[in-house]
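Me: I should like to go through this structure with you, one question at a time. Please give the reasoning before each result.

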Amino acid sequence: RFWKVSTQLDVLKGEVEHVSIDEFGRLVLGPVTRSIYDATVPFIWCLAAAPDGTVFAGTGNDGQVLRVDRQGKTSVWFDAAELEVHALAVAPDGTLYVGTSPDGQVYRVDAAGSSRVFFDPADKYIWSLVFDAQGRLHVGTGEKGIIYRVTQDGRGETLFTSTSTHVTAMAFDGEGRLIAGTDSPGRLVRIDPGGKAFVLLDSPYRELRA
């Protein structure tokens with residue numbers, strides 16, 4: 001049996017196995033994938049990779065951080081008092097920082113697995129964590145949409161207060177400016193080191209997650 005397809009939408013109706021479809025509708029070999037961990041928890045909210053290839057997974061609804069090594073061996077690395085781990089960030093020295101909800105706190109977990117509260121804002125949710133080039137941790141929160149800049153000794157200051165409800169994603173561009181995605185409404189905002197903001201995108205969506 002022979003058949004013809006003429007558009008990308010036609011091709012996308014099929015089942016894709018070991019191939020990828022590019023923007024022109026062409027079929028190319030896809031990346032090789034393998035499962036390294038089959039989770040028993042209901043949610044994996046976030047992932048962070050350490051310099052040695054270890055992957056940390058923030059989960060719910062028991063507020064645990066799982067450590068998965070290159071071979072797929074998994075262990076509970078940190079167990080928070082809160083229900084959800086929505087944000088993770090790995091410092092250059094391998095120290096893990098964990099943002100929890102709904103009683104938002106940021107924990108510091110060292111290479112031996114010892115933990116302590118690093119930063120405890122008044123906000124209910126910690127949605128995103130990212131380090132700048134100076135090693136300061138930026139903490140995106142909800143329900144007031146505040147971004148905090150926290151020094152290495154755990155002292156925080158408000159860098160930016162959004163008109164959105166939640167700061168759901170953050171990253172730095174090549175010039176050291178913070179890019180933040182928000183929820184309610186879904187906007188993409190660029191923030192300079194002084195806290196001055198510029199809206200790059202006012203999307204039609206409720207939230208921008210990554």
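Me: In the hairpin of S9 and S10, which residue takes a positive phi?
Reply: This is a predicted model, and the answers below rest on it. Strands S9 (residues 106-109) and S10 (residues 115-119) run antiparallel and are joined by 4 bridges. Val-109 stands opposite Ser-115 in S10. Between the strands there are 5 residues, and the positive phi, near 95°, belongs to Gly-113.

Me: Which strand gives the most to the lining of the largest pocket?
Reply: The largest pocket has a volume of about 280 Å³, and 20 residues line it. Strands S3, S7, S11, S15 and S16 each supply at least two residues of that lining. The greatest contribution, 4 residues, comes from S15.

Me: Which residues lie nearest the centre of the largest pocket?
Reply: The residues to be picked out belong to a lining of 20 residues. One of those nearest the centre, Arg-209, also meets Glu-207 in a salt bridge (3.6 Å, N to O). Arg-209 is partly exposed at 43% relative accessibility. The residues nearest the centre are Thr-168, Ala-169, Met-170, Arg-209 and Ala-210.

Me: How many residues apart in sequence are the parts that Arg-206 and Asp-183 tie together?
Reply: Arg-206 forms a salt bridge with Asp-183, with the closest N and O atoms 4.0 Å apart. Arg-206 lies in the segment after S18 and Asp-183 in strand S16, so the pair ties together parts separated in sequence by 23 residues.

Me: Is Asp-183 buried or exposed?
Reply: Its salt-bridge partner, Arg-206, has a relative accessible area of 62% and is exposed. For Asp-183 the relative accessible area is 6%. The cut-off for the buried class is under 20%, so Asp-183 is buried.

Me: What separates the C-alpha atoms of Gly-176 and Thr-165?
Reply: Gly-176 lies in the loop between S15 and S16, and its relative accessibility of 35% makes it partly exposed. Along the chain, Gly-176 and Thr-165 are 11 residues apart. Their C-alpha atoms are separated by 24 Å.

Me: What is the area of the nonpolar surface patch made by Phe-198, Leu-200 and Leu-201?
Reply: Phe-198 belongs to strand S18 (residues 197-202). Patch residues need over 30% relative accessible area, and Phe-198, at 48%, is partly exposed. Together with Leu-200 and Leu-201, Phe-198 makes a nonpolar patch of about 270 Å².

Note on methods. Residues are numbered from 1 along each chain as its sequence is written. This is a predicted model: local features need pLDDT of at least 70, side-chain atom pairs count only at pLDDT 80 or more; totals for chains, interfaces and linings use all residues. Side-chain values use heavy atoms; hydrogens and water are left out. Patches are made of residues with over 30% relative accessible area and no salt bridge: like charges are joined within 9 Å, nonpolar side chains (Val, Leu, Ile, Met, Phe, Trp, Tyr) within 5 Å. Accessible areas come from the Shrake-Rupley method with a 1.4 Å probe; for residues, only the protein chains shown count as cover. A salt bridge is a side-chain nitrogen of Lys or Arg within 4 Å of a carboxyl oxygen of Asp or Glu. Buried means under 20% relative accessible area, exposed over 50%, partly exposed in between (1.4 Å probe, protein chains only). Two strands pair if DSSP finds at least two bridges between them. On a 1 Å grid over the protein atoms alone, a cavity is a set of points where a 1.4 Å probe fits but cannot get out, and a pocket is an open set with protein on both sides within 12 Å along at least five of seven lines; lining residues have an atom within 4 Å of a point. Grid points are joined across faces, edges and corners, and a volume is the space filled by probe spheres set on the points.
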